[in-house]
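Trainee: Could you take me through one part of this model at close range? I would like to start with a pair of helices.

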Amino acid sequence: MLDKSYYDKTDEIIEHYGRKAGSLIPIMQDIQAEYRYLPGELLTYVAKEIGITETKAYSVATFYENFSFEAKGKYVIKVCDGTACHVRKSTPVLEALWKELGLSKKKHTTDDMMFTVETVSCLGACGLAPTMMVNEEVHPSMTPEKALAVIEELRGKG
Ligand code: FES
């Protein structure tokens, strides 16, 4: 169960975009920007408020890869595993992060909700391979050592 503050914030976002079906995507984007994921309860709530079915809201949300129903850490690290990055050894970078953070293919987020590690199929910066992204920032030419240094730095920031 989400506490009331989530619904208050969602009401504010809905007011901003207007109670109409066409507001669904910007509303979902703002909710995700606020909480770093899209809580299912809020999606149900938004659907009701803007007058669309829950099924419709879910089908739109699942269509766009950027929406996540899973709570994510403060720092979302995306390790590119596209072809260019893969041949330039992105796998050891991913494995070093998993090892350091106690994560795996199945467990993406640390228990303290600080880090989420995911893979993506191309970050659109193949010339800088292997790449990884931390929230909105691209890190070029990664190595396991550089990736661990980034973690150290982020831990320092808290
Ligand atoms: S394959 Fe990694 S950035 Fe394109």
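Is the crossing of α6 and α7 left-handed or right-handed?

Mentor: Happy to help! This is a predicted model, so local features need pLDDT of at least 70 and side-chain atom pairs count only at pLDDT 80 or more, while totals for chains, interfaces and linings use all residues. Residues are numbered from 1 along each chain as its sequence is written, and side-chain values use heavy atoms, with hydrogens and water left out.

Now to your helices. Helix α6 covers residues 90-101 and helix α7 residues 144-157; they pack at an angle of about 40°, their axes 8 Å apart. That angle makes α6 oblique to α7; oblique is what remains once angles under 35 degrees (roughly parallel), over 145 (roughly antiparallel) and 65 to 115 (roughly perpendicular) are set aside. The crossing of α6 and α7 is right-handed, meaning that the near helix is turned clockwise from the far one by less than a right angle. On the α6 side, Pro 92, Val 93, Ala 96, Leu 97, Glu 100 and Leu 101 take part, meeting Pro 144, Ala 147, Leu 148, Ile 151 and Arg 155 of α7; contact means heavy atoms within 4.5 Å. Sorted by type, the residues of this contact are nine nonpolar, no polar and two charged. Here Ala, Val, Leu, Ile, Met, Phe, Trp, Tyr, Cys and Pro count as nonpolar, Asp, Glu, Lys and Arg as charged, and the others, Gly among them, as polar. Helices are DSSP runs (H or I, at least four residues), numbered from the N terminus, and axes are lines fitted to C-alpha atoms over the stretch in contact, with angles running from 0 to 180 degrees between N-to-C directions.

Note on methods. Helix = DSSP H or I, 4+ residues; strand = E, 2+ residues; numbered from the N terminus.
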